[in-house]
Amino acid sequence: MAELAGLVQRLEVAVGRLEAMSSSGGGGGPAASSGGIKKNAYQIYLTIISSASSKRGSVLTSLLAPMSKVIQEVQAFREKNRSSPLFNHLSAVSESVPALGWVAMAPKPGPYVKEMQDAAMFYTNRVLKDYKEKDKMHVEWVNAYVSIWTELQAYVKQHHTTGLSWSQTGPVASASRGAPAPPPPGPPPPPMDLGKSSGGDSGATNRNALFASINKGADITKGLKHVSDNQKTHKNPVLKAQGGPLPSGPKPFAARPTAAASPARTLPPVLELDGKKWKVENQEGAHGLVISDTELKQVVYAFKCNNSTLQVKGKINSITLDNCKKLGLVFDDVVGIVEVINCKDVKVQVMGKVPTISINKTDGCHVYLSKDSLSCEIVSAKSSEMNVLVPNKDGEYTEIPVPEQFKTVWDGSKLVTTATEIAG
């Protein structure tokens with residue numbers, strides 16, 4: 001317990017330093033904070049571990065409910081501060097804090113902590129890149145923050161190898177109000193079948209059909225859909241213990257296979273402006289989505305949109321595609337970054353300019369550049385089947401694959417990494 005208490009205290013100190021960097025002007029702009037990572041959250045966490053070490057059994061759902069709320073607040077805070085200069089710091093915290101839910105991740109809680117740490121590395125690497133030569137304080141923060149999750153993984157592996165270890169001799173744990181424990185959740189529903197490739201020229205055919213629907217000109221707005229807002233699903237491992245859906249990660253030990261899978265939950269589609277963020281969520285087969293009344297300060301966030309097309313007109317700050325499949329995106333100008341995260345078979349077409357396109361944890365991504373965007377920087381990580389299409393003088397495109405396989409050698413003083421020939 002003392003070892004875990006020390007790690008939790010260091011996590012609180014790391015978040016406190018993040019707040020201090022913002023308030024002291026280290027990051028500039030609006031102040032960034034943990035959005036809910038405070039002493040009460042850590043006290044909840046320590047209470048769970050303390051109960052496990054002193055009591056038999058558990059009402060895990062009741063114990064984890066407050067922690068689930070805190071994690072959701074952290075993730076929501078990050079989304080509300082996308083324009084903050086410390087957005088990458090906040091993203092690193094938001095992506096890794098679900099690791100605290102390892103207590104519900106039997107039989108492999110250690111690997112789950114590592115998975116959440118790896119998710120944060122995409123953003124901590126950005127912090128290192130931005131501040132390595134400018135401010136060592138940010139570099140020190142990254143090193144301290146990452147080390148916490150490394151040591152937590154070692155702790156879990158040593159003391160809770162296959163799951164949270166409950167005492168075999170103490171009293172039986174109970175909920176604070178005496179409520180009976182709910183039954184264990186069933187397995188997650190199977191993924192939806194959005195169509196299978198038939199081989200041959202199907203990729204080119206699908207691509208032509210997809211962008212043919214986009215290039216309708218003014219008629220494209222006829223398919224515009226406006227629906228009411230709804231609760232967005234966040235990645236939160238604690239929801240597993242509450243019977244809610246979980247996008248990824250090891251299955252809880254209590255979740256046994258059943259003969260019949262539960263039906264997939266369908267959320268209503270969303271396309272609306274929420275503050276400075278255009279929310280495009282849960283769109284299925286919508287080939288006429290258009291965002292036209294845009295401003296430079298606005299961002300677009302597309303989440304779980306499948307087999308659809310989205311056109312963004314005007315100049316905006318950034319665009320993010322998250323957990324989308326077979327989505328076609330066409331946009332005019334982006335002054336910040338276009339991010340493609342956890343997607344599959346998406347197509348992105350630049351009509352104007354964009355400085356950076358980031359592709360992360362994505363399988364299948366075609367990027368169509370315009371003549372004005374040929375200087376775009378494309379950054380990829382943990383992705384496959386990526387292709388960049390460059391326009392020719394005759395208006396046709398030349399398709400160039402992005403390397404996926406690399407070779408690294410030691411030249412006597414440093415590591416040198418190059419793309420292998422087999423990768424193209």
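**Strand pairing and helix packing in a predicted model**

Val312 stands opposite Phe331 in strand E7. The model is predicted. Strand E5 (residues 306-316) and E7 (residues 325-334) run parallel and are joined by 8 bridges. E7 also pairs with strand E9 (residues 344-350). These two strands run parallel as well, with 5 bridges between them. Here Gly328 has Lys347 in E9 as its bridge partner.

An open sheet is formed by 7 strands. Their order is E1-E2-E4-E6-E8-E10-E12, and the pairing is mixed. Strands E1 (270-274) and E12 (377-381) stand at the edges. Each has a single partner strand, so one side of each is left without a neighbour in the sheet. From one strand to the next, the twist averages 10°. Within this order, E2 is followed by E4. Strand E2 (residues 277-281) and strand E4 (residues 299-303) run parallel, joined by 5 bridges. Lys279 stands opposite Tyr301 in E4.

Helix H5 lies across three strands: E8 (337-341), E10 (356-360) and E12. The helix runs at about 150° to E8. Strand E10 contains Asn360. The relative accessibility of Asn360 is 7%, so the residue counts as buried, the cut-off being under 20%. Beyond its neighbours within four places in sequence, Asn360 contacts Phe122, Val340, Ile341 and Asn342. Further contacts of Asn360 are with Ala381, Lys382 and Ser383.

H5 also packs against a second helix, H6. Two packed helices are described by the angle between their axes and the distance between the axes. The axes of H5 (residues 109-131) and H6 (residues 136-159) come within 10 Å. They cross at roughly 170°. Angles over 145 degrees count as roughly antiparallel, and H5 and H6 are therefore roughly antiparallel to each other. On the H5 side, the contact involves Pro109, Gly110, Val113, Lys114, Gln117, Thr124, Val127, Leu128 and Tyr131. These meet Lys136, His138, Val139, Val142, Val146, Trp149, Thr150, Leu152, Gln153 and Val156 in H6. By class, the contact has 11 nonpolar, 6 polar and 2 charged residues.

Notes. Residues are numbered from 1 along each chain as its sequence is written. This is a predicted model: local features need pLDDT of at least 70, side-chain atom pairs count only at pLDDT 80 or more; totals for chains, interfaces and linings use all residues. Side-chain values use heavy atoms; hydrogens and water are left out. Axes are lines fitted to C-alpha atoms, for helices over the stretch in contact, and angles run from 0 to 180 degrees between N-to-C directions. Helices (H or I, at least four residues) and strands (E, at least two) are DSSP runs, numbered from the N terminus. Angles under 35 degrees count as roughly parallel, over 145 as roughly antiparallel, 65 to 115 as roughly perpendicular and the rest as oblique. Contact means heavy atoms within 4.5 Å. Ala, Val, Leu, Ile, Met, Phe, Trp, Tyr, Cys and Pro count as nonpolar, Asp, Glu, Lys and Arg as charged, and the others, Gly among them, as polar. Two strands pair if DSSP finds at least two bridges between them. Buried means under 20% relative accessible area, exposed over 50%, partly exposed in between (1.4 Å probe, protein chains only).
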